[in-house]
Structures are given as C-alpha cells and as structure tokens.
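Biologist: I'm new to this one and would like to know what stands behind each label. Could you take me through it?

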Amino acid sequence: MFEGSLVLGATLCFFAWWLQSIEKQGWPNETFVTDLDKEYRASRLDSRRKIHYLIAGCGVLILLAAFSGPEFLVAWALCWTLVLLGLMVVIFLAAVDGFRCHRYHRRKLPEIREQAFKSEDS
C-alpha cells in the first residue's frame with residue numbers, strides 16, 4: 001500500500017508538471033493571431049493551470065497519506081477524501097474547459113470558412 005501510494009502520488013505530480021510545461025510551450029502548428037485566438041489562449045492557460053495545480057495537489061495529498069499510514073487513520077482518511085473531492089473538481093473543470101473550447105471553435109468557424117473560400121478562389 002505504501003509503495004503503491006508513492007508511485008501514484010509521484011506519477012500525478014509528474015503528470016501535472018508535464019501537462020503544464022506542454023501547455024506553456026503550446027502544441028505544434030498552434031497559432032494565435034487574432035484577438036479571439038489570444039483571448040481564448042489566455043483563458044485556456046489560466047483554466048488549465050488551475051487544473052494542473054489541483055492534480056499536483058492530489059499527488060501531494062496521496063504522498064502525505066502514504067507517509068501517515070494507517071497509524072494516523074484520521075489524517076489518512078482526510079487526505080484520501082480530499083483527493084476524491086479534488087479529482088471530482090478536476091473533472092468538472094475539464095468539462096468547463098471542453099465547453100470553452102467548443103464555444104471558441106464555433107466562433108472561429110466563420111473565419112476558417114472565409115480562409116478556405118479565399119484559397120479555393122485563388
């Protein structure tokens with residue numbers, strides 16, 4: 001149980017760090033030129049940073065639960081309860097991020113169509 005908690009906690013912390021570093025760099029072929037793009041990127045960075053901190057916090061709580069062990073049952077149960085609540089919040093915020101992405105693409109679609117029609121006319 002102790003070793004499994006260490007692996008899980010360290011994995012969550014590493015995964016949160018990796019996601020945050022990828023988000024800062026941006027994905028290949030990702031450009032943000034228009035005001036709509038820049039507004040979306042700023043809100044996306046802020047939202048995803050919160051999600052990554054929550055994931056890392058859950059990893060730290062799992063590590064604390066591992067070190068507290070069954071000897072300190074109250075601390076162990078509190079840590080795992082907070083992990084459960086934290087991951088539920090992560091799922092909720094990820095759904096909100098998905099809706100934000102959908103709204104952005106819906107607002108961006110006319111611009112994409114216009115560019116496609118210009119390239120067909122050339």
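**What the labels rest on**

Modeller: Sure. This is a predicted model, and a good place to start is the nonpolar surface patch of about 480 Å² made by L78, L82, L84, L85 and M88.

Biologist: What makes L78, L82, L84, L85 and M88 a patch?

Modeller: Patch residues need over 30% relative accessible area and no salt bridge, and nonpolar side chains are joined within 5 Å. L78, L82, L84, L85 and M88 come out as one such nonpolar patch. M88 itself lies in helix 3, residues 73–121.

Biologist: Why is Q20 called buried?

Modeller: Its relative accessibility is 14%, and buried means under 20%, so Q20 counts as buried. Q20 sits in helix 1, residues 2–25. The buried residues there also include S5, G9, L12 and A16.

Biologist: Which residues does Q20 touch, leaving aside neighbours within four places in sequence?

Modeller: R48, R49 and H52. Contact here means heavy atoms within 4.5 Å.

Biologist: How do you know that helix 1 has close to its expected span?

Modeller: Helix 1 has 24 residues, and at 1.5 Å a residue 34 Å is expected. From first C-alpha to last it reaches 35 Å, which is close to that. Just after helix 1, G26 takes a positive phi of about 90°.

Biologist: What is the predictor's confidence like?

Modeller: The protein averages a pLDDT of 89, with 96% of the residues scoring at least 70. Among its elements, helix 1 has the highest mean, 93, and helix 3 the lowest, 90.

Conventions: Residues numbered from 1 in each chain as written. Predicted model: local features only at pLDDT ≥ 70, side-chain atom pairs only at ≥ 80, totals over all residues. Heavy atoms only, no water. Helix = DSSP H or I, 4+ residues; strand = E, 2+ residues; numbered from the N terminus. Buried < 20%, exposed > 50% of the residue type's maximum accessible area, 1.4 Å probe, protein only. Expected span 1.5 Å × (residues − 1). Patch = residues over 30% accessible without salt bridge, like charges linked within 9 Å, V, L, I, M, F, W, Y side chains within 5 Å. Areas by Shrake-Rupley, 256 points an atom, 1.4 Å probe, with all protein chains shown as cover. Salt bridge = Lys/Arg side-chain N within 4 Å of Asp/Glu carboxyl O. pLDDT = per-residue confidence, 0-100.
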